[in-house]
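User: I would like to learn how to read the features of a protein model. May we go through one together?
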Amino acid sequence: MILTDVDIMNSTKETGIFAVNQDFKKYEQVNKNQQYHLAENENAEQFDDDYQIKICDMRLFFEGGEEGRKQFAAELGAALEGIGFAILSGHGIDEELYETAEEKVAELFETTTLDERMKYEASRFGSVNQGYFPIKETTIIHPDLVEGWVFCRRAFNLDNKTDYRESDFWSGKGFEPVFREVVQQQEKLILPIMQSILRYLDCEPHFFDKKLTDTNFGFRLNYYPPISAEDSASGAGRMLGHEDVDLFTFLPAQNVDGLQVFNRENGKWIRLNAPRGTIILNTGDYIQRITNDRLPSTTHRVSKPKEKSLFAKPRISIPMAVYLWEDEILEVLPGLETPKYEPISALKFHTNITSKYYGDDYAVNE
Ligand SMILES: [Fe+2]
């Protein structure tokens with residue numbers, strides 16, 4: 001089914017179920033030739049059970065000296081260039097912290113009322129739509145069976161600002177400290193990952209160190225409630241197929257399966273089940289743009305679990321998207337062949353892509 005422009009403008013929760021990504025091509029700011037349905041179409045899709053997403057051991061980077069860093073960069077770069085995803089082990093973050101964080105996500109969504117959550121309804125600040133997203137309202141183009149809550153750097157008192165008020169961002173006490181610990185631990189991985197990507201591309205490894213020190217990020221709490229028989233029959237998925245609009249995303253391995261990665265080489269979906277305690281890493285649109293398409297922004301989505309018995313269990317995930325601040329310019333890296341893209345501000349780039357999810361007036365074109 002191909003939607004016309006009018007259909008897209010009138011896109012509703014219903015039409016979104018049948019949409020394919022190319023219906024929204026006009027919003028893209030990097031080349032995306034892959035075609036896929038936004039939601040899993042159980043009878044019409046193929047799965048790639050052979051592709052193994054690589055596990056990259058960060059101890060090579062942290063403990064392996066110069067040789068270790070070279071080896072880690074080679075392994076990580078090959079994984080990202082190949083499929084756009086890698087699994088990080090040896091990252092040094094305690095698995096128990098992730099278990100505590102999952103409990104806190106469940107507490108946040110299960111013990112607050114919808115009215116309380118709606119006081120924090122998402123709105124754009126800079127590039128990013130921040131705050132609470134009710135179920136089926138993550139985007140206007142697809143009725144995802146997920147509630148979300150996005151917290152950016154300013155939601156954590158990381159810079160000790162005197163005008164910071166926890167209650168501006170958090171609906172109760174005890175959430176911010178746990179999630180602050182998660183984002184602070186993961187912040188320590190930002191430079192090692194970016195340096196390794198740059199090294200792989202034969203660029204100066206420290207080229208982004210300054211831009212990525214105290215950079216902005218979007219930390220998203222996803223709460224996928226148990227799937228009812230009605231939801232299951234509706235054709236909606238847990239999260240639509242999409243590419244991340246960021247440099248890269250850290251995604252601690254989840255409690256319930258469902259993550260699928262699109263292999264653009266063969267048009268099949270890879271079910272990605274990473275070992276608990278590891279972190280899934282994937283590259284997003286910013287990286288595809290600055291690497292001149294060398295490292296792809298790979299499509300992924302969240303489907304219902306394979307085992308029906310897990311339908312009754314909530315699924316929780318806590319991805320952290322790493323951004324550049326809005327006034328930075330995205331430019332093809334020096335030394336990469338014939339740039340395909342013009343320099344563009346991060347603000348314009350980001351909001352033009354994400355206006356497909358939030359409406360055309362979301363884009364900032366100043
Ligand atoms: Fe994503």
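User: How are the donor residues of the iron ion spaced in sequence?

Analyst: A spacing pattern gives the donor residues in order, with the number of residues between them. This is a predicted model, and here the pattern is H-x1-D-x55-H.

User: Which residues coordinate the iron ion, and through which atoms?

Analyst: His242 and His300 each use NE2, whereas Asp244 uses OD. The distance given for this coordination is 2.2 Å.

User: Is His242 buried or exposed?

Analyst: A residue is called buried when its relative accessible area is under 20%. His242 has a relative accessibility of 12%, so His242 counts as buried. Asp244 is also at 12% and therefore counts as buried. Across the protein chain, buried residues make up 57% of the 366 residues.

User: How many helices and strands does the protein chain have?

Analyst: The protein chain has nine helices and 16 strands. Its radius of gyration is 20 Å, close to the 21 Å that the globule rule gives for 366 residues, so the chain is as compact as a globular protein of that length. The C-alpha trace spans about 55 × 45 × 45 Å along its principal axes.

User: What share of the contacts join residues at least 24 apart in sequence?

Analyst: One begins with the contacts between residues at least 6 apart in sequence; of these, 73% join residues at least 24 apart.

User: How much of the accessible surface belongs to carbon and sulfur atoms?

Analyst: The accessible surface of the protein chain is about 16100 Å², and carbon and sulfur atoms account for 47% of it.

Note on methods: Residues numbered from 1 in each chain as written. Predicted model: local features only at pLDDT ≥ 70, side-chain atom pairs only at ≥ 80, totals over all residues. Heavy atoms only, no water. Donors = N, O, S within 2.8 Å, 3.2 Å for Na, K, Ca; no water. Buried < 20%, exposed > 50% of the residue type's maximum accessible area, 1.4 Å probe, protein only. Helix = DSSP H or I, 4+ residues; strand = E, 2+ residues; numbered from the N terminus. Rg over C-alpha atoms; globule rule 2.2 N^0.38 Å. Contact = heavy atoms within 4.5 Å. Areas by Shrake-Rupley, 256 points an atom, 1.4 Å probe, with all protein chains shown as cover.
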